[in-house]
Amino acid sequence: MNYSDFALQVSKIKKLPLPGTSSHYKMAPQIRIQELEAMKERIANPKKAGVVALFYPDEGQLTNLLLILRNTYPGIHSNQIGFPGGKAEKKDKNLMETALRETHEEVGVRPEDIKIIRSLSEIYIPPSNFEVRPYLGLYDKRYPFVKDENEVEELVEVPLLDFMDDSKMTTQILTTSYADNIEVPAFKLMGYTVWGATAMMLSEIKELFKQVL
């Protein structure tokens with residue numbers, strides 16, 4: 001889809017109710033849904049994070065989504081596909097500032113060059129005790145991305161056409177933090193399997209887009 005048309009149409013999601021949990025659970029195995037439901041009343045003092053689902057024009061003016069492959073490190077989310085963004089710091093005024101600051105640090109996009117369309121539904125990640133707030137952002141200028149070599153292994157640029165293609169949704173047998181050899185709903189994008197919290201957030205975005213694009 002042409003980026004100019006996309007930017008015009010996507011602004012309509014500001015007025016839509018967020019699908020929230022119902023869309024998240026479409027990309028979660030039943031065991032994880034049960035775990036999240038059981039934990040609702042017990043979640044206390046989660047760490048906070050903000051991420052940006054960043055849409056931008058490629059060289060042909062077609063719309064893309066930026067994901068990142070995180071570096072391998074000792075931690076829960078090592079070598080996984082995610083959105084640019086990260087943990088809130090005391091200096092951040094709010095989670096949108098967190099998301100924009102971390103996006104700048106990880107992929108080199110300045111906060112002033114991102115137009116935030118709206119915030120999306122928070123999602124809780126039990127293994128790391130993080131509550132993540134995603135933001136939908138537009139990046140019109142299309143300066144080259146500059147990845148942080150310490151945090152980002154690879155930039156994954158996903159055409160909107162692929163993201164919206166239902167045939168890119170699949171299931172895969174994975175070993176996760178909560179179960180071994182479990183069938184997990186996932187997106188298959190640019191050769192990568194996108195699952196877990198990132199897939200759940202993408203599911204909400206896709207559901208919103210289907211109403212306006």
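Start by selecting strand E7, residues 130-138. This strand is mostly covered, with 8 of its 9 residues buried. Keep in mind that the model is predicted.

**Stop 1: the partners of E7**

Add strand E1, residues 47-57. E1 and E7 run parallel, and 9 bridges join them. For a landmark in this pairing, pick Ala53: its bridge partner in E7 is Leu136.

Now show strand E5, residues 115-119. E5 and E7 run antiparallel, joined by 4 bridges. Select Lys115 and look across to E7, where Leu138 stands opposite.

Next comes strand E6, residues 123-125. E6 also pairs with E7, in the antiparallel sense, over 3 bridges. Ile125 is the residue to click here; Phe130 of E7 stands opposite. Follow the chain from E6 into E7 and you trace a hairpin with 4 residues between the two strands. Stop at Asn129 in the turn, which has a positive phi of about 55°.

**Stop 2: around Leu136**

Return to Leu136 and display its surroundings. What is Leu136 in contact with, leaving aside its neighbours within four places in sequence? The list holds Val10, Ile13, Ala53, Phe55, Lys115, Ile116, Ile117, Arg118, Leu120 and Phe209. Ala53 is already familiar as the bridge partner of Leu136.

Widen the view to the largest nonpolar core, which has 45 residues. Leu136 is one of those with the most contacts inside this core, together with Phe55, Leu67, Phe83, Phe163 and Phe209. Which helix gives the core its largest share? Select helix H6, residues 196-212: it supplies 9 residues. Apart from this core lies another, of 15 residues. To find that second core, select Ile68, Leu100, Val107 and Phe145, which are among its members.

**Stop 3: the aromatic rings**

Show the side chains of Phe, Tyr and Trp. The count comes to 8 aromatic pairs. Zoom in on Tyr56 and Phe145, an edge-to-face pair with centres 5.1 Å apart and 85° between the planes. Tyr56 lies in strand E1 and Phe145 in the loop between E7 and strand E8 (152-159), so the pair ties together parts that are 89 residues apart in sequence. Buried or exposed, these two, Tyr56 and Phe145? Both are buried.

Move to Phe163 and Phe187. Their ring centres are 6.0 Å apart and their planes stand at 40°, so this pair is tilted. Phe163 sits in helix H5 (residues 160-163) and Phe187 in strand E10 (residues 182-189), so the pair links parts 24 residues apart in sequence. Phe163 and Phe187 are both buried.

Keep Phe163 and Phe187 selected, then add Tyr3, Phe6, Phe55 and Phe209. These residues form one aromatic cluster. Phe55, Phe163 and Phe209 will be recognised from the list of residues with the most contacts inside the largest core.

**Stop 4: the whole chain**

Zoom out and colour by secondary structure. The chain has 6 helices and 11 strands. Its radius of gyration is 16 Å, close to the 17 Å that the globule rule gives for 213 residues, so the chain is as compact as a globular protein of that length. Along its principal axes, the C-alpha trace spans about 45 × 40 × 35 Å.

Colour by burial next: 50% of the 213 residues count as buried. Switch on contacts between residues at least 6 apart in sequence; 65% of them join residues at least 24 apart. Finish with the accessible surface. It comes to about 10400 Å², and 49% of that belongs to carbon and sulfur atoms.

Conventions:
Residues numbered from 1 in each chain as written. Predicted model: local features only at pLDDT ≥ 70, side-chain atom pairs only at ≥ 80, totals over all residues. Heavy atoms only, no water. Core = buried A, V, L, I, M, F, W, Y, C linked by side-chain atoms within 4.5 Å. Buried < 20%, exposed > 50% of the residue type's maximum accessible area, 1.4 Å probe, protein only. Contact = heavy atoms within 4.5 Å. Pairing = 2+ DSSP bridges. Phe/Tyr/Trp six-rings, centres within 6.5 Å; stacked < 30°, edge-to-face > 60°. Rg over C-alpha atoms; globule rule 2.2 N^0.38 Å. Areas by Shrake-Rupley, 256 points an atom, 1.4 Å probe, with all protein chains shown as cover.
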